Amino acid sequence: MMAVTEELQNVPPEKLVVAGVSKWFRTSRADVHALDNVSLNVREGEFVCLVGPSGCGKSTLLNIIAGLEQPDAGQILADGQPVTGPGRERMMMFQESALFPWLDVLDNLLFGLKLKPNLKRHERREVAQFYLKLVGLEKFMHANIHELSGGMKQRVALARCLAPNPRMLLMDEPFAALDALTREQLYGDIQRIWEKRKKTIVFVTHNVREAACLGDRVVLFSPHPGRVQEEFTIGLPRPRDINSVELAKYSTEITRALKRHLKPEAAEVAE
Ligand SMILES: Nc1ncnc2c1ncn2[C@@H]1O[C@H](COP(=O)(O)OP(=O)(O)O)[C@@H](O)[C@H]1O
Ligand SMILES: [Mg+2]
């Protein structure tokens, strides 16, 4: 019992520094300059959204922050320590829920908790159930993954990321494949969960309104090569409603900036 209580306590969110990160992809066909001297500071517990058209290096930067890829120049510091590889301090969530279809919902969560040797099996189960409840899926504990809607799958994926109690969440367009109504529900949920669990979040999206709804700050990227162009602080109270007039003002301002920085060939951005 003690171990579970301790495990479920909030851990201090991580402070992130991206310092002069550059990345090239060299293939037989082309040399892609994916990131050019990108610097970014994220405060403990801050919710930062990276926004920009596809191909501007958002996923590459997130992978580098996660320690899944190495930069060619610059470095990533988490609480002042260089990030050299992936770890459970920083959990990553993708557009397609990378769930195991042969495991049920509960076992998907338990899988990530195997890394916690301090917990006994029934304790891991208690932790998993806590997070399923947090995302509103405790009744679907024994459901098969293929029985779930897209929104439910992303909730399971979110619970699975949260279960090891990371200090930072890295989210790569996690809601992009969902319908608008389901997305709206998840905007509410992620804000509530962020408030409750106090994580640092770096959230990638090509959807400007979504970025303005979720971020304390929105960082605008432009492509070829991927660069930070501008930053916007979103001074709206929470929880925020994606359909509010105040939010629309921010999203209009950011969209204008985006178009200003864009080369005409890459204008596929949703407002
Ligand atoms: N593994 C890779 N090999 C070659 N090129 C890549 C690789 N990953 C990404 N790129 C290229 O790097 C650029 C940035 O890609 P990415 O980070 O996926 O952008 P975004 O997530 O903003 O759409 C793109 O031009 C993409 O084609
Ligand atoms: Mg991407």
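Which residue in β8 is the bridge partner of V51? The legends below take up this pairing and its surroundings in a predicted model.

**View 1. Strand β8 and its pairing with β3.** The bridge partner of V51 is T205, which belongs to β8. This bridge is part of the pairing between β8 and strand β3, residues 47-51, which is parallel and extends over five bridges. Strand β8 covers residues 200-205, and because six of its six residues are buried, it is largely enclosed by the rest of the structure. Its side chains divide between two directions, with T200, V202 and V204 pointing one way and I201, F203 and T205 the other, and all of them are buried.

**View 2. Strand β7 beside β8, with the helix that links them.** Strand β7, residues 168-172, pairs with β8 in the parallel sense, again through bridges that number five. Within this pairing L169 stands opposite I201 in β8. Between the two strands the chain passes through helix α6, residues 180-197, and the β-α-β crossover from β7 to β8 that results is right-handed. A further pair to locate in this view is L170, which stands opposite V202 of β8.

**View 3. Strand β7 between its residues' two directions, and its pairing with β6.** Five of the five residues of β7 are buried, and the strand is therefore largely enclosed by the rest of the structure. From β7, M168, L170 and D172 point one way, whereas L169 and M171 point the other way, all of these residues being buried. Strand β6, residues 90-93, runs parallel to β7 and is joined to it by four bridges. One residue to follow here is M93, whose bridge partner in β7 is M171.

**View 4. The largest nonpolar core, centred in this view on I65.** The largest nonpolar core contains 69 residues, among which I65, A159, L170 and V218 touch the most other members. Helix α5, residues 150-162, gives the most to this core, contributing six residues. When neighbours within four places in sequence are left aside, I65 is in contact with L16, V18, I76, V83, L170 and V202. Two of the residues in that list have been met in the sheet views, since L170 of β7 stands opposite V202 in β8.

**View 5. The shell of residues around ligand 1.** The residues that surround ligand 1 are F25, T27, V32, A34, G52, S54, G55, C56, G57, K58, S59 and T60. Two elements, β2 (31-42) and α2 (58-66), give two or more residues to this shell. The element that gives the most is α2, with three residues. By character, the residues of the shell divide into four nonpolar, seven polar and one charged.

**View 6. Helix α2 and the residue that follows it.** Seven of the nine residues of α2 are buried, so the helix is largely enclosed by the rest of the structure. The buried residues of α2 are K58, T60, L61, L62, I64, I65 and A66; of these, K58 and T60 also appear in the shell around ligand 1, while I65 is among the residues of the largest nonpolar core that touch the most other members. Just after α2, G67 takes a positive phi of about 85°.

**View 7. The open sheet that contains β1 and β2.** An open sheet of four strands has the order β2-β1-β4-β5, and its pairing is antiparallel. The edge strands are β2 and β5 (81-82), each of which pairs on one side only. Strand β1, residues 16-26, pairs with β2 in the antiparallel sense over eight bridges, and a hairpin joins β1 to β2 through four residues. Along this pairing, the bridge partner of K23 in β2 is L35, and F25 stands opposite V32 in β2. Both F25 and V32 also belong to the shell around ligand 1.

**View 8. R43 in the loop between β2 and β3.** The loop between β2 and β3 includes R43. This residue is partly exposed, because 14 other C-beta atoms lie within 10 Å. Although R43 and E14 are 29 residues apart along the chain, their C-alpha atoms are separated by 7.6 Å.

How values were computed:
Residues are numbered from 1 along each chain as its sequence is written. Chains are lettered from A and ligands numbered from 1 in the order in which they are written. This is a predicted model: local features need pLDDT of at least 70, side-chain atom pairs count only at pLDDT 80 or more; totals for chains, interfaces and linings use all residues. A residue is buried if 20 or more other C-beta atoms lie within 10 Å of its own, exposed if 12 or fewer, and partly exposed in between; C-beta atoms are placed from the backbone. Two strands pair if DSSP finds at least two bridges between them. A crossover is right-handed if, with the strands pointing away from the viewer, the path from the first strand over the helix to the second runs clockwise. A nonpolar core is a set of buried Ala, Val, Leu, Ile, Met, Phe, Trp, Tyr and Cys residues joined through C-beta atoms within 7 Å. Two residues are in contact if their C-beta atoms, placed from the backbone, lie within 7 Å. A residue is near a molecule or strand if its C-beta atom, placed from the backbone, lies within 6 Å of it. Ala, Val, Leu, Ile, Met, Phe, Trp, Tyr, Cys and Pro count as nonpolar, Asp, Glu, Lys and Arg as charged, and the others, Gly among them, as polar.
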